[in-house]
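Reader: I have the structure open and would like to know the grounds for the words used to describe it. Please set out the reasoning for each one.

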Amino acid sequence: MPNQSSAYILRGQRVMPLEVDEVQLVAIATSRALGIKRNTSKQMGQFMEQLGEYGIIIDPVADNEWLHITKAMCHNRVIRMPESLYTRICDGEPEAIFIFFHELGHLMLGHQTYLHYSDIKPTQQEDAEWQADEYSKTILSKMGISYMPEQLNLRF
């Protein structure tokens, strides 16, 4: 049995485990269904607006009203972000686009809390944040954007 120091530490909620290839399949299916291509990064404003047709709402919040404990968040098919991030996404900035698709990944992967308590140590494959990062990396790769994110974490 691995010692305590080698146990995986969750960065997000514990969700149903998915292997990287399973996350990538969801991302590829999403990119096909939503028509994501190499030039999508140049049309992100239009792309985000079209998500309303699928019941996904993008809600930019005034920067002075944003609680800066996280870069963006999603809940009940609504992706909220500060207006400055929305502008950066529309401008095609790779980091901003990564954050956006990370949040979309939470929605598309159907993230819901899996276990509130378990004696079994969590694995990377059960980490909602790891899964959303892998989802976003796959989408960005499809768009021809090579971006390696720093660890996204809530700041308390």
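Author: This is a predicted model. A place to begin is R77, which is found in the loop between β2 and β3.

Reader: What makes R77 count as buried, partly exposed or exposed?

Author: R77 has a relative accessible area of 43%. Buried means under 20% and exposed means over 50%, so R77, in between, is partly exposed.

Reader: Which sign does phi of R77 have?

Author: Phi of R77 is near 70°, a positive value in a residue other than glycine. Most residues other than glycine have a negative phi.

Reader: What can be said of N76 in the loop between β2 and β3?

Author: N76 also has a positive phi, of about 50°, although it is not a glycine. N76 lies in the loop between β2 (73-75) and β3.

Reader: Why is N76 called exposed?

Author: The relative accessibility of N76 is 61%. The cut-off for exposed is over 50%, so N76 counts as exposed.

Reader: Turning to the helices, why is α1 called oblique to α5?

Author: The axes of helix α1 (residues 20-34) and helix α5 (residues 128-142) cross at roughly 50° and come within 9 Å. Angles under 35 degrees count as roughly parallel and 65 to 115 as roughly perpendicular; roughly 50° fits neither, so α1 is oblique to α5. The contact involves V20, V23, Q24, V26, A27, I28, T30 and S31 of α1, with W130, Q131, E134, Y135, T138, I139 and K142 on the α5 side. By type, the residues of this contact are 8 nonpolar, 5 polar and 2 charged.

Reader: Why does V26 count as partly exposed?

Author: V26, in helix α1, has a relative accessibility of 27%. That value lies between the 20% and 50% cut-offs, so V26 counts as partly exposed. Setting aside residues up to four places away in sequence, V26 touches M108, L109 and Y135. V26 and I139 are 113 residues apart in sequence, while their C-alpha atoms are 9.9 Å apart in space.

Reader: What makes α4 oblique to α5?

Author: α4 and α5 pack at an angle of about 120°, and their axes are 8 Å apart. Roughly perpendicular runs from 65 to 115 degrees and roughly antiparallel is over 145; about 120° falls outside both, so α4 is oblique to α5. The crossing of α4 and α5 is right-handed.

Reader: Why are α3 and α4 called roughly perpendicular?

Author: The packing angle of α3 and α4 is about 110°, with their axes 8 Å apart. Angles of 65 to 115 degrees count as roughly perpendicular, and α3 and α4 are therefore described that way. Their crossing is left-handed. In this contact L85, R88 and I89 of α3 meet E95, A96, I97, I99 and F100 of α4. These residues divide into 6 nonpolar, no polar and 2 charged.

Reader: Which residues touch the most other members of the largest nonpolar core?

Author: They are I89, F100, F101 and L104, in a core of 29 residues. Each of α1, α2 (44-50), β3 (78-82), α3 (83-90), α4 (94-108) and α5 supplies at least two residues of this core. The largest share, 7 residues, comes from α4. Not counting residues up to four places away in sequence, F101 touches I36, M44, F47, Y135, S136, I139, L140 and M143.

Key
Residues numbered from 1 in each chain as written. Predicted model: local features only at pLDDT ≥ 70, side-chain atom pairs only at ≥ 80, totals over all residues. Heavy atoms only, no water. Axes fitted to C-alpha atoms, helices over the stretch in contact; angles between N-to-C directions. Helix = DSSP H or I, 4+ residues; strand = E, 2+ residues; numbered from the N terminus. Contact = heavy atoms within 4.5 Å. Nonpolar A, V, L, I, M, F, W, Y, C, P; charged D, E, K, R; others polar. Core = buried A, V, L, I, M, F, W, Y, C linked by side-chain atoms within 4.5 Å. Buried < 20%, exposed > 50% of the residue type's maximum accessible area, 1.4 Å probe, protein only. Left-handed = near helix turned anticlockwise from the far one by under 90°.
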